[in-house]
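Open the structure in your viewer and keep the sequence panel beside it. This tour says what to select at each stop and what is there.

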Amino acid sequence: MVPLPYYFALSLTLFSIGLFGALTKRNAITVLMSIELMLNAVNINLVAFSRFITPQALLGHLFVIFTITVAAAEVAVGLALVLTLNRHRDSVNLQDFTWLRG
Amino acid sequence: MSTDQLGSLLVFAGLAFLVVGGGLGVVFFRNVFHAAVSMAFAFLGVAGIYFSLQADFLGVIQVLIYIGAVAVIIAFAIMLTRRGDMAETNRFVSPGQLALGALTAAGLWVALLGLGLSQWPGQPAQAPPLPAGTDLTLSLGQLLLSQMALPFEIAAVLLLVALVGAVLIAREDHPGQGRREQPGEVGKS
């Protein structure tokens, strides 16, 4: 097994890619995908630290299970919102939704 | 470096290539469908990382939920919202905002990597070996249904609420009448 900093660096790289995508894409679906990438990056970190520091406590694994649950709920609701917006405004471009600013 | 370490390093490098390449594909493919397939590859790489960390159960549910459910539901959403020009569906924002976003992400990467690796406590460099006969999946299941039973049930309620909420949000406003026309729209179908 490679040392812990390798996993940390991989997780950080994936998180940065996800953050970049979430900040700079026009398509709402790509923004949702980028958020999923960030959640996965966090999960890698949780599992790696759990394995290296408390290999038998399994708290990191439990956190990952709950993160995956919340991520699945989030993607379902998020895509429902995107589909509704697409039906009403005929667009998935986030820059067409500036009226949500209030 | 022993052969064993070299082997695990090679496996990690391959998985990291899959994860980072898949992630970059999500951001840089111009066709949003290609981006979704690329995301599925990144998820596969993450599942491999879980297996390399001996988290077998998480690797399996990663494949089941992320590749089997999330990637498929995203593919559905792409098909339901598709445009005529699929090749241009995954564009960036304007150059100024793009530079700002890139700067933020790169800044976070450099700052956290520098901080993390310079302040690294030095131990544990190697993972402690698991005692023989340890069944992490068994202990995980026992933990979920004893000490963590309440969060487990709350997660179940959350999933139900999200499912009902998603159906409620996504359904048509006027069943039977099809899509509602907006005042500013002219003859779009």
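The stops below go from whole chains to helices and then to single residues.

**Stop 1: chain A as a whole**

Before selecting anything, note that this is a predicted model. Select chain A and colour it by secondary structure. Three helices and zero strands appear, in the order α-α-α along the sequence. Turn the chain to look along each principal axis: its C-alpha atoms fill a box of roughly 50 × 25 × 20 Å. The radius of gyration is 17 Å, whereas a compact globule of 102 residues would have one near 13 Å.

Now switch on the surface. Chain A has an accessible surface of about 3,500 Å², and carbon and sulfur atoms account for 69% of that area. Buried residues are 65% of the 102 residues in this chain. Chain A carries 6 positive and 4 negative side chains; the centres of these two sets are 5 Å apart. Of the contacts in chain A between residues at least 6 apart in sequence, 60% link residues at least 24 apart.

**Stop 2: chain B as a whole**

Select chain B next. How many helices and strands does chain B have? There are six helices and zero strands, and from the N terminus the elements run α-α-α-α-α-α. Of the 189 residues in chain B, 31% are buried. The accessible surface of chain B is about 11,400 Å², with 71% of it on carbon and sulfur atoms. Among contacts in chain B that join residues at least 6 apart in sequence, 53% are between residues at least 24 apart.

**Stop 3: helix α1 of chain A and A:Tyr7**

Go back to chain A and select helix α1, residues 4-24. This helix has 21 residues, and its first and last C-alpha atoms are 30 Å apart, close to the 30 Å expected at 1.5 Å a residue. α1(A) is mostly covered, with 15 of its 21 residues buried.

Within α1 of chain A, pick A:Tyr7. Is A:Tyr7 buried or exposed? A:Tyr7 counts as buried because its relative accessibility is 2%, and the cut-off for buried is under 20%. Show the residues in contact with A:Tyr7, leaving out neighbours within four places in sequence. In chain A they are A:Met1, A:Val2, A:Ile44, A:Ala48 and A:Phe52. In chain B they are B:Phe12, B:Ile49, B:Ser52 and B:Leu53.

For a distance across the chain, add A:Asn86 to the selection. A:Tyr7 and A:Asn86 are 79 residues apart along the chain, and their C-alpha atoms are separated by 38 Å.

**Stop 4: helix α3 of chain A and A:Asp90**

Select residues 59-89 of chain A, which form helix α3. Its 31 residues should span 45 Å at 1.5 Å a residue, and the end C-alpha atoms are 44 Å apart, so the two values agree. α3(A) is mostly covered: 22 of the 31 residues are buried.

Step on to A:Asp90, just after α3(A). A:Asp90 is not a glycine, yet it has a positive phi of about 55 degrees. A:Asp90 counts as partly exposed because its relative accessibility is 26%.

**Stop 5: helix α1 of chain B**

Select residues 3-28 of chain B, helix α1. The helix has 26 residues and reaches 36 Å from first C-alpha to last, close to the expected 38 Å. Highlight its buried residues, among them B:Ser8, B:Phe12, B:Leu15, B:Val19 and B:Val26. What do the buried residues of α1(B) pack against? They pack against α1 (4-24) and α2 (28-53) of chain A, together with α2 (32-52) of chain B. One of the buried residues, B:Phe12, is also a contact of A:Tyr7.

**Stop 6: B:Ser38 and B:Gln54**

Move to helix α2 of chain B and select B:Ser38. B:Ser38 counts as buried because its relative accessibility is 7%. Not counting residues up to four places away in sequence, B:Ser38 touches B:Gly21, B:Gly22, B:Gly25, B:Val26 and B:Phe29. Of these, B:Gly22, B:Gly25 and B:Val26 are among the buried residues of α1(B).

Finish at B:Gln54, in the loop between α2 and α3 (56-80) of chain B. B:Gln54 has a positive phi of about 65 degrees although it is not a glycine. With 34% relative accessibility, B:Gln54 counts as partly exposed.

Conventions
Residues numbered from 1 in each chain as written. Chains lettered and ligands numbered in written order. Predicted model: local features only at pLDDT ≥ 70, side-chain atom pairs only at ≥ 80, totals over all residues. Heavy atoms only, no water. Helix = DSSP H or I, 4+ residues; strand = E, 2+ residues; numbered from the N terminus. Rg over C-alpha atoms; globule rule 2.2 N^0.38 Å. Buried < 20%, exposed > 50% of the residue type's maximum accessible area, 1.4 Å probe, protein only. Contact = heavy atoms within 4.5 Å. Areas by Shrake-Rupley, 256 points an atom, 1.4 Å probe, with all protein chains shown as cover. Lys, Arg positive; Asp, Glu negative; His and termini not counted. Charge placed at Lys NZ, Arg CZ, Asp CG, Glu CD. Expected span 1.5 Å × (residues − 1).
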